[in-house]
Amino acid sequence: MNLFAADLRAFGAAARKELRQQRRYPTLFLGQLFWPVMLPASWVLMGQAYSGNDSQERAGSSNVAVFVFVGYAMYNWLSVLLWGAGTALRQEQMRGSLEAVFVTPASRLVPLFGPGMATLLPMAVVFASNFLALRLFFGVAPPIVAVVQAAAIVVLGIPALYAIGALFAASVLRFGEVGPVVQLIRGVFVLACGITFPVAMLPLWAQVGAKLMPPTYIVDDIRRVLLRGDTIADVAGDIALVLSLAVLTAILAVVVFRYLETSARRTGMLGRF
């Protein structure tokens with residue numbers, strides 16, 4: 001077996017390990033069925049109560065339910081990535097198995113990127129819950145063509161958010177506990193990327209900063225497809241930009257990871273809590 005094939009096998013093993021751990025605690029999936037419905041539903045009801053006649057001017061659509069549910073799906077996606085893939089190495093560190101992972105002959109990129117594959121399953125559950133809630137509780141049924149195109153945007157956006165999670169995973173080798181940083185960065189994404197309210201409501205300098213963050217384009221493109229009838233061709237420029245940011249972020253994550261791994265071996269950080 002050549003080296004590349006061996007690394008692919010190790011990559012799959014890392015993802016299966018995370019999936020098996022999720023399967024051991026099936027009640028965790030209940031939260032991914034319950035909260036993705038209840039929380040955005042409460043926001044929708046408040047939005048409908050307080051929006052008055054200005055909902056379409058700011059949001060680009062009078063359909064508050066779809067606007068909010070799409071934003072919450074992105075929020076949950078970021079949460080799963082930052083707390084899952086972004087802290088995978090921290091979990092290994094707390095279990096005392098991180099040093100054992102690093103003495104394996106597999107590429108160092110396997111523990112950095114492999115565990116993140118397991119986040120695809122909970123995210124699929126979240127998106128399915130959101131779609132069913134829109135249909136059952138608010139009577140919203142977007143055209144199948146729009147749903148398929150929105151799903152394509154989600155798939156194309158995975159590499160960018162995946163790379164963000166890997167970058168946070170690498171920082172564990174330097175700082176150890178990164179929970180507070182995850183909370184801070186997730187809050188910045190929520191405020192700056194149009195997840196809970198339109199980017200147009202932000203100050204000009206914040207709108208400029210939002211254009212540098214992949215979630216801004218992903219959530220906006222999904223809303224454009226579902227709410228305004230745009231197509232993949234209409235948002236192709238945004239998709240190309242998101243993929244470019246994904247490549248840059250992934251390269252940065254690899255560079256940071258390699259540098260911090262060398263530092264962690266020298267300082268003994270791999271075995272610290």
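Helix axes are taken here as lines fitted to C-alpha atoms over the stretch in contact, and the angle between two of them runs from 0 to 180 degrees between N-to-C directions. On that basis, in this predicted model, the axes of helix α4, which spans residues 64-83, and helix α12, which spans residues 214-228, come within 10 Å and cross at roughly 150°. Because angles over 145 degrees count as roughly antiparallel, α4 is roughly antiparallel to α12. The crossing of these two helices, α4 and α12, is right-handed. On the α4 side the contact is formed by Val66, Phe67, Val70, Gly71, Met74, Trp77 and Leu78, and these residues meet Pro215, Ile218, Val219, Ile222, Arg223, Leu226 and Leu227 of α12. Sorted by class, the contact of α4 with α12 comprises 12 nonpolar residues, 1 polar residue and 1 charged residue.

Helix α4 also packs against helix α8, which covers residues 120-137, at an angle of about 165° and with the two axes 10 Å apart. The resulting arrangement of α4 with respect to α8 is again described as roughly antiparallel, and the crossing of α4 and α8 is right-handed. Helix α4 contributes Ala65, Val66, Phe69, Ala73, Asn76, Trp77 and Val80 to this contact, while α8 contributes Pro122, Met123, Val126, Phe127, Asn130, Ala133 and Leu134. In terms of residue class, the contact of α4 with α8 has 12 nonpolar and 2 polar residues, with no charged residues. Val66 and Trp77 of α4 are listed in the contact with α12, and Val66 and Trp77 are likewise listed in the contact with α8.

These helix pairs belong to a chain that contains 13 helices and 0 strands, so that, with helices and strands taken as DSSP runs, the succession of elements from the N terminus on consists of α after α. Of the 273 residues in the chain, 47% are buried. Among contacts between residues at least 6 apart in sequence, 82% join residues at least 24 apart. The area exposed by the chain amounts to about 14,100 Å², of which carbon and sulfur atoms supply 68%.

Individual positions illustrate such relations between separated parts of the sequence. Val242 is placed in helix α13, residues 236-267, and counts as buried because its relative accessibility is 4%, under the 20% limit for that class. Leaving out residues up to four places away in sequence, Val242 touches Gly157, Ala160, Pro214, Tyr217 and Ile218. Of these, Ile218 is also one of the α12 residues that α4 meets. The C-alpha atom of Val242 is separated by 9.3 Å from that of Leu212, which is 30 residues away along the chain.

On helix α8, Ala128 is partly exposed, with a relative accessibility of 38%. A separation of 9.9 Å is found between the C-alpha atoms of Ala128 and Ala73, residues that are 55 positions apart along the chain. Ala73 is itself among the α4 residues listed in the contact with α8.

Towards the N terminus, Leu19 is located in helix α1, residues 3-24, and is partly exposed at a relative accessibility of 35%. When neighbours within four places in sequence are set aside, Leu19 is in contact with Ala118 and Leu121. The C-alpha atoms of Leu19 and Pro115 are 8.7 Å apart, although 96 residues separate the two along the chain.

A further position, Thr104, lies outside the helices, in the loop between α6 (98-102) and α7 (109-113). Thr104 has a relative accessible area of 34% and is therefore partly exposed. The C-alpha atoms of Thr104 and Ala10 are separated by 9.8 Å, with their positions 94 residues apart along the chain.

Definitions and conventions
Residues are numbered from 1 along each chain as its sequence is written. This is a predicted model: local features need pLDDT of at least 70, side-chain atom pairs count only at pLDDT 80 or more; totals for chains, interfaces and linings use all residues. Side-chain values use heavy atoms; hydrogens and water are left out. Helices (H or I, at least four residues) and strands (E, at least two) are DSSP runs, numbered from the N terminus. Angles under 35 degrees count as roughly parallel, over 145 as roughly antiparallel, 65 to 115 as roughly perpendicular and the rest as oblique. A crossing is left-handed if the near helix is turned anticlockwise from the far one by less than a right angle, and right-handed if clockwise. Contact means heavy atoms within 4.5 Å. Ala, Val, Leu, Ile, Met, Phe, Trp, Tyr, Cys and Pro count as nonpolar, Asp, Glu, Lys and Arg as charged, and the others, Gly among them, as polar. Buried means under 20% relative accessible area, exposed over 50%, partly exposed in between (1.4 Å probe, protein chains only). Accessible areas come from the Shrake-Rupley method with a 1.4 Å probe; for residues, only the protein chains shown count as cover.
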